Amino acid sequence: MTNKPNSTPKEKDSLTPKEKEIQSLFARGKSPETIAIRLGMKISKVLGVIALVPKPLG
């Protein structure tokens, strides 16, 4: 049984598929409430993931 080398994953790689979907929907202009309803999640979890989205410096 071979193990992958223990390299530190980047922040983007450590997201779950659901977290990636939340960020994708938010980037496309969906409201947090809409995202929570669509994915069947609590709004607090959605807001927590959105808080991790890097903000543009412009």
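Trainee: Which residues is E19 in contact with, leaving aside its neighbours within four places in sequence?

Mentor: Happy to start there. This is a predicted model, and in it E19 is in contact with S14, K45 and V49 once those sequence neighbours are set aside. E19 itself lies in helix α1.

Trainee: Does E19 count as buried or exposed?

Mentor: The way to read this is to compare relative accessibility with a cut-off: under 20% is buried. E19 has 15% relative accessibility, so it counts as buried.

Trainee: What lies 3.0 Å from a polar atom of the side chain of E19?

Mentor: That is the backbone nitrogen of T16. For a view along the chain, try a C-alpha to C-alpha distance: E19 and L52 are 33 residues apart in sequence, yet 9.9 Å apart in space.

Trainee: How many helices and strands should I look for in the chain?

Mentor: Look for three helices and zero strands. Following the sequence, you will meet them in the pattern α-α-α.

Trainee: At what angle do α1 and α3 pack?

Mentor: First, the general idea: a pair of packed helices is described by the angle between their axes and the distance between the axes. Here, α1 (residues 17–27) and α3 (residues 43–51) pack at about 75°, and their axes are 9 Å apart. That angle makes α1 roughly perpendicular to α3.

Trainee: Which residues in α1 and α3 meet?

Mentor: From α1, you will find E19, I22, Q23 and F26; they meet K45, V46, V49 and I50 in α3. By character, the residues of this contact divide into five nonpolar, one polar and two charged.

Trainee: Which residues make up the largest nonpolar core?

Mentor: The idea is to look for buried nonpolar residues joined through their side chains. In this chain the largest such core has nine residues: I22, L25, I35, A36, L39, M41, V46, V49 and I50. Each of α1, α2 (32–39) and α3 supplies at least two residues of this core.

Trainee: What does V46 touch, not counting residues up to four places away in sequence?

Mentor: V46 touches I22, P32, I35, A36 and M41. For the whole chain, buried residues make up 24% of the 58 residues. Among contacts with a separation of 6 or more, 26% come from residues 24 or more positions apart.

Trainee: Where is S31 found, and what polar contact does its side chain make?

Mentor: S31 is found in the loop between α1 and α2. The side chain of S31 makes a polar contact with the side chain of T34, at 2.8 Å. At 28% relative accessibility, S31 counts as partly exposed.

Key
Residues numbered from 1 in each chain as written. Predicted model: local features only at pLDDT ≥ 70, side-chain atom pairs only at ≥ 80, totals over all residues. Heavy atoms only, no water. Axes fitted to C-alpha atoms, helices over the stretch in contact; angles between N-to-C directions. Helix = DSSP H or I, 4+ residues; strand = E, 2+ residues; numbered from the N terminus. Parallel < 35°, antiparallel > 145°, perpendicular 65-115°, else oblique. Contact = heavy atoms within 4.5 Å. Nonpolar A, V, L, I, M, F, W, Y, C, P; charged D, E, K, R; others polar. Buried < 20%, exposed > 50% of the residue type's maximum accessible area, 1.4 Å probe, protein only. Polar contact = N/O pair within 3.5 Å; in protein donor to acceptor, adjacent residues only side chain to side chain. Core = buried A, V, L, I, M, F, W, Y, C linked by side-chain atoms within 4.5 Å.
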